[in-house]
Amino acid sequence: MSDDQPDRKRSGFKDKTRLAAARERLLDAVEPHDRTATVGLSSADGRALAESVEAARDVPHYPRAAMDGYAVRAADTFGASDRSPEVLRRVGEAGEVETVPPDGAVRVHTGSELPDGADGVVMIEQTDEREAPGASDGASAEVTRDVEVFDAVAEGENVAPVGEDVAAGQHLYDAGHRLRPSDLGLLKSVGIESVAVRERPSVAVVPTGEELVQSDPDPGEVIETNGLTVSRYVERWGGSATYRDVVTDDAEALRVAIQRDLTEDVVVTTGGSSVGERDLLPEVVADLGEIVFHGVALKPGHPVAAGVIEGTPIVMLPGYPVACIVNAVQFLRPLLKYVGGLPDEPFPTTEARLDRKIRSEPGIRTFARVEVEADGDKRVATPTRASGSGVLSSVALADGWVVVPEGREGIPAGETVAVQDWEWSA
C-alpha cells in the first residue's frame, strides 16, 4: 500500500478523493498502447484511425448531372422564357451520345455522365418535349423530337463537376478519429478499401464474490450480473472483453486471477472493493503493485478503487449493481478511450424540468437516476430512487441520470436539469 493511502480497514472512507482528481490519477498512471492493425471497411466501424487519411481519387470522378433533365450547351439556352422558349433538337440519351452538338439536347438523369460539349443541365420541369415539325413524313424510321426550353441555364448550372464532393489528395481524417458508418461510405467512395486502426484494448472482466452463481440461486446466493454488464459495456466502449469465471473471496485465488490477466491492457474486477472482511481486492492489488486511489466522493459507489501492477491498470468496481455501473461509466470508459486512442466524447443530454427534489450531500458528486416523460413540447424528469445502489432495475429502467455537482446540496423541484444519456454507446 502506498504511503499516502490511509488504512481503509481501520478508518473506512472518511477522506474520499474527488471524482475528477481520481480519474486524472488513473489516466496519469497508464500509457496508451501503440498496437495497430489494417482492417477492411466492413470491420472498421467504431475504430480509431492509426494514421491520417487522404482521398485516393476525385468524387465524382466525371462531370455529372445534378438534376433530371437535358444536358445542353448553356449558350444555346440564352434568352429562353415561358413566352419565347428556345427549341433544341433531342439527340439521344446519356450514355448513347458522346458529344452534344450545337442546338442539341441529351436526356440525362441525376448522376448521369455529361457528354462532351455539354456545360449545363436544364431541369426536366423547365422543358417540353414534342415531335419535330416534318418528323413524320415517312422519310425516316426514326422520329425526330424537339425540346422546348423555358428557362436559360448558366454554364455549370445543375452540373456536379469533377471533385465537387471530394478532391483527390484531400485530407479527410486525422489519426485518432473514431470511424462512423458515414465515414466508411465516404472512404469507399474515394477508392479506399482498408484502413490502419488502433487495436481494441483487451480487457479481462473478473467478477468476484463467494455468493455469486450463474443460475438457480439458493438462499444467500446472488445471480452474477456485474461481470456480464461490464463486459458488454467494454465492447460498446471500444474494447475487447474476456468475461472470466467468478473468483471467490480468497486472497490467493484473487492474486492468481489478477496475475493471470496482467498481459491484458486493462483488468476490471467487480465486488470486493470496500473495507469489509471479504473486501480483499485492494490489499491484493497493493501487495502486487500500487493503489492509485481507494474511495471516491461520489454516490452511489464511493468504495471504488484503482491500481497499477506491472504497468497494467486494475479497476476495482463495487459489487452493488448500480454502483458498479456508475463507476464503470466514470472510470472504465475514459480509461478504455485513453488506452485505445479513442476520443472520450461527452454524453448527449436532454433538458427537463425536475418534478421532485433531488437530495445530495455537499462534497459528493451524486448521480440521480430519472425517468423522462413528455409534457407538451417540454420534458419532465422524475427521480426513480435517491438511494438503493443494489437495485439494478432503478438504473436499467431509467432514461438517464442527473449529475449533482459536489458544490450543491441537492436540486429543488422545478429546476431545469440536464439528463445525461449515459447509455449512449460512443
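These entries record what I looked up in a predicted model of one protein structure.

**Entry 1: the nonpolar core**

I began with the largest nonpolar core, which has 37 residues. Within this core, Phe 293 and Leu 332 have the most contacts. I then listed the elements that give two or more residues to the core: helix 2, strand 13 (202-207), helix 4 (226-236), strand 17 (266-270), strand 18 (290-294), strand 20 (305-309), strand 21 (312-317) and helix 7. Helix 7 gives the most, with 11 residues.

Which residues does Leu 332 contact beyond its neighbours within four places in sequence? I found Val 230, Val 234, Trp 237, Val 266, Val 268 and Asn 327.

**Entry 2: helix 2 against helix 7**

I next examined how helix 2 (residues 19-28) meets helix 7 (residues 321-340). Their axes come within 10 Å and cross at roughly 35°. The crossing is right-handed. On the side of helix 2, the residues in contact are Leu 19, Ala 22, Arg 23, Leu 26 and Leu 27. On the side of helix 7, I noted Gln 330, Phe 331, Pro 334, Leu 335 and Tyr 338. The residues of this contact divide into eight nonpolar, one polar and one charged.

**Entry 3: helix 6**

I looked up which residues of helix 6 are buried, and found Leu 281, Pro 282, Val 284, Val 285 and Ala 286. These buried residues pack against helix 5, strand 17, strand 18, strand 20 and strand 21.

Is Asp 287, by contrast, buried or exposed? Asp 287 counts as exposed because its relative accessibility is 57%, above the limit of 50%.

**Entry 4: salt bridges**

Side chains of opposite charge can pair when their charged atoms come close. A search of the whole structure gave me 18 salt bridges. I followed several of them.

Asp 287 pairs with Arg 255, with 3.9 Å between the closest N and O atoms. This salt bridge links distant parts of the chain, since Asp 287 is in helix 6 (residues 281-288) and Arg 255 is in helix 5 (residues 251-260), 32 residues apart. Arg 255 is partly exposed, at 24% relative accessibility.

Arg 260 and Asp 261 form another salt bridge, and their closest N and O atoms are 3.1 Å apart. I compared the two partners for burial. Arg 260 is partly exposed at 39% relative accessibility, whereas Asp 261 is buried at 0%.

A further salt bridge joins Glu 415 to Arg 408, at 2.8 Å from N to O. Glu 415 has a relative accessible area of 26% and is therefore partly exposed. Arg 408 is partly exposed as well, at 29%.

I also found a network of salt bridges that links Arg 90, Glu 93, Glu 129 and Arg 145.

**Entry 5: Leu 172 and Asp 216**

I chose two individual residues and looked up their surroundings. Leu 172 lies in strand 11 (residues 171-173). With a relative accessible area of 16%, Leu 172 is buried. Leaving out residues up to four places away in sequence, I found that Leu 172 touches Val 53, Glu 54, Ala 55, Val 166, Leu 186, Leu 187 and Val 190. Of these, I looked further at Ala 55: it is 117 residues from Leu 172 along the chain, yet their C-alpha atoms are separated by 6.7 Å.

Asp 216 sits in the loop between strand 14 (212-213) and strand 15 (222-223). Asp 216 is exposed, at 67% relative accessibility. Outside the residues up to four places away in sequence, Asp 216 touches Glu 221 and Ile 223.

**Entry 6: backbone geometry**

Most residues other than glycine have a negative phi, and most peptide bonds are trans. I therefore searched for departures from this pattern.

Where did I find cis peptide bonds? One runs from Val 59 to Pro 60, with omega near -5°. Pro 60 belongs to the loop between strand 2 (53-54) and strand 3 (64-65). Another runs from Lys 299 to Pro 300, with omega near 0°. Pro 300 is in the loop between strand 19 (298-299) and strand 20.

I then noted positive phi values. Asn 158, which is not a glycine, has a phi of about 60°. This residue lies in the loop between strand 9 (145-149) and strand 10 (159-160). Asn 158 is buried because its relative accessible area is 17%, under the limit of 20%. Glu 310 has a phi near 55°, also positive. Its place is in the loop between strand 20 and strand 21. Glu 310 is exposed, at 70% relative accessibility.

Technical notes. Residues are numbered from 1 along each chain as its sequence is written. This is a predicted model: local features need pLDDT of at least 70, side-chain atom pairs count only at pLDDT 80 or more; totals for chains, interfaces and linings use all residues. Side-chain values use heavy atoms; hydrogens and water are left out. A salt bridge is a side-chain nitrogen of Lys or Arg within 4 Å of a carboxyl oxygen of Asp or Glu. Helices (H or I, at least four residues) and strands (E, at least two) are DSSP runs, numbered from the N terminus. Buried means under 20% relative accessible area, exposed over 50%, partly exposed in between (1.4 Å probe, protein chains only). Axes are lines fitted to C-alpha atoms, for helices over the stretch in contact, and angles run from 0 to 180 degrees between N-to-C directions. A crossing is left-handed if the near helix is turned anticlockwise from the far one by less than a right angle, and right-handed if clockwise. Contact means heavy atoms within 4.5 Å. Ala, Val, Leu, Ile, Met, Phe, Trp, Tyr, Cys and Pro count as nonpolar, Asp, Glu, Lys and Arg as charged, and the others, Gly among them, as polar. A nonpolar core is a set of buried Ala, Val, Leu, Ile, Met, Phe, Trp, Tyr and Cys residues joined through side-chain atoms within 4.5 Å.
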